[in-house]
Each structure stands twice: as C-alpha cells, then as structure tokens.
Amino acid sequence: MPLHLLVAYYVVDHAFVNNRKLAKMDDKKFWMHFIWVVLIFLAFTFDVFLSSPLGILLLILSIGLTVTVDMGRKRLPNLLIEVIAFFLLLFFTLLGRSFLVESFVTVEFSWYLMGMLLVTVGVTYFLRGAILPEEATDSIGIAERMSIFIFILANHWTWVIISVAAGLAFRAVFSRDSKKEWIISPLAGIVISFLWQLFMRRFLG
C-alpha cells in the first residue's frame, strides 16, 4: 500500500507550516502555500501520475482537496479537516495504487517518510494546545524525535539513548518548555517509532 499522497499532504500542511496557522493566513500567504502544495504533490507523483489521464485526474483531485480543506479550516474544526483529508486521500491512493507502486519513491520509502512525519510533526500537532502553545514550533522536540526514529528503524538503540540524553541536556540548558514535554516528547518518539517499525515489518514484509 503506497502512502505517497498522504506523505505529500502531511509535508505541505504540517511539516512546512504550523498547521494551526493555516486558518489565519492572509490571501498572499495562502497562495504562496498553494504553490508549495502543487510542487510537493508533483514531487511525489510526477513520474507516474503524469503519464495517464487517470493519474493526472488523481493529481488534480489531490491538490484540489488539499487547497479546499485548507480554505475550510476557517469554518470547520481542525481535527475534522484532518479526518476528511486522511480518508479522501486514502481513497485516491487506492484508485492510483497501480501507478504509485511503480514510482521512483518506493512503497517502503513512502512508509518510512510517513512514520517520520507521524513521530515528528504528528506528535507536535497533538501537543499544541495541550502542553505546547498554539504558536510553538517545537523544533527541539521534532529534531529529538526524528533522531530517535532514524536510530530505532536502524536498530541502533545505543544512539537512541544518546539522542534522548542529548535532548534532555539541551532542554536543561536552553529550553523553557514545560517539563512535561521533556518526558512526553522522547517517550512518544520511542513508542511510535518502535510501533511503526513493527507495522512496516508486518505490512511490507
């Protein structure tokens, strides 16, 4: 099961921008964001979608959906928008599966990227408004959890421990974040990364 469209969506609407700010963008910033939407979806699908009418249609629908849900963030709850986007892009993925499995971005790599996005910006999404301010970038937590993810999937647990220790040391010296984040961030990174590794082994072999 390829995850190209979901990866593209989470890159443009979570990794490239504070997701909570999308509803507050002025027209100029929104259209700049639209350019990134087009470029990122093309980057993950151009080699397979542009070769057929169905592929082109799915690319247009995916871009159109992303822009539409971003416009809808001003009127609908953010979580509802995310649920709608997830299931519709999953549906588009099923329709385009025969194309995406032939992409230079392999199915395995799309899963790897999806796991990395989940453990980095995915965790940040749920922490914002809970223990992080809505405007927080969470750059320390994202870097920490990305390192944890990479080392766990490479089965280098010594480096996982080093990453956690380095993150705690950095926060102790430079960060004013809530102490809860000091524990929740690396713990979420370890648990989600380990589970994602199991999912990849289960579904990809």
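**Exercise 1. In this predicted model, find which residues Phe-41 touches, leaving out those up to four places away in sequence.**

Solution. Start at Phe-41 and set aside the neighbours up to four places away in sequence. With contact taken as heavy atoms within 4.5 Å, the partners of Phe-41 are Leu-5, Ala-8, Tyr-9, Val-12, Leu-59, Ser-62, Ile-63, Thr-66 and Leu-89. Next, place Phe-41 in its wider setting: the largest nonpolar core has 49 residues, and Phe-41 is listed with Val-7, Phe-49 and Leu-89 as touching the most other members. Finally, look for a separate core: a second one has 6 residues, including Val-123, Leu-127, Leu-132 and Ala-136.

**Exercise 2. Describe the largest pocket and work out which helix gives the most residues to its lining.**

Solution. Begin with the space itself, about 420 Å³. Then turn to the lining: 19 residues, with Tyr-10, Phe-86, Met-114, Leu-118 and Phe-126 nearest the centre. Now sort by element; helix H1 (4–15), helix H4 (78–95) and helix H6 (107–127) each give two or more residues. H6 comes out on top, giving 8 residues. Sorted by class instead, the lining holds 16 nonpolar, 2 polar and 1 charged residues.

**Exercise 3. Decide how compact the protein chain is for its 205 residues.**

Solution. Count the secondary structure to begin with: 9 helices and 0 strands. Then compare sizes: the radius of gyration is 18 Å, close to the 17 Å from the globule rule, so the chain is as compact as a globular protein of that length. For the overall dimensions, the C-alpha trace spans about 55 × 45 × 25 Å along its principal axes. To finish, check burial: 47% of the residues count as buried.

Notes
Residues numbered from 1 in each chain as written. Predicted model: local features only at pLDDT ≥ 70, side-chain atom pairs only at ≥ 80, totals over all residues. Heavy atoms only, no water. Core = buried A, V, L, I, M, F, W, Y, C linked by side-chain atoms within 4.5 Å. Buried < 20%, exposed > 50% of the residue type's maximum accessible area, 1.4 Å probe, protein only. 1 Å grid on protein atoms, 1.4 Å probe; cavity = no way out; pocket = protein on both sides within 12 Å on 5 of 7 lines; lining within 4 Å. Points joined across faces, edges and corners; volume = space filled by probe spheres on them. Helix = DSSP H or I, 4+ residues; strand = E, 2+ residues; numbered from the N terminus. Nonpolar A, V, L, I, M, F, W, Y, C, P; charged D, E, K, R; others polar. Rg over C-alpha atoms; globule rule 2.2 N^0.38 Å.
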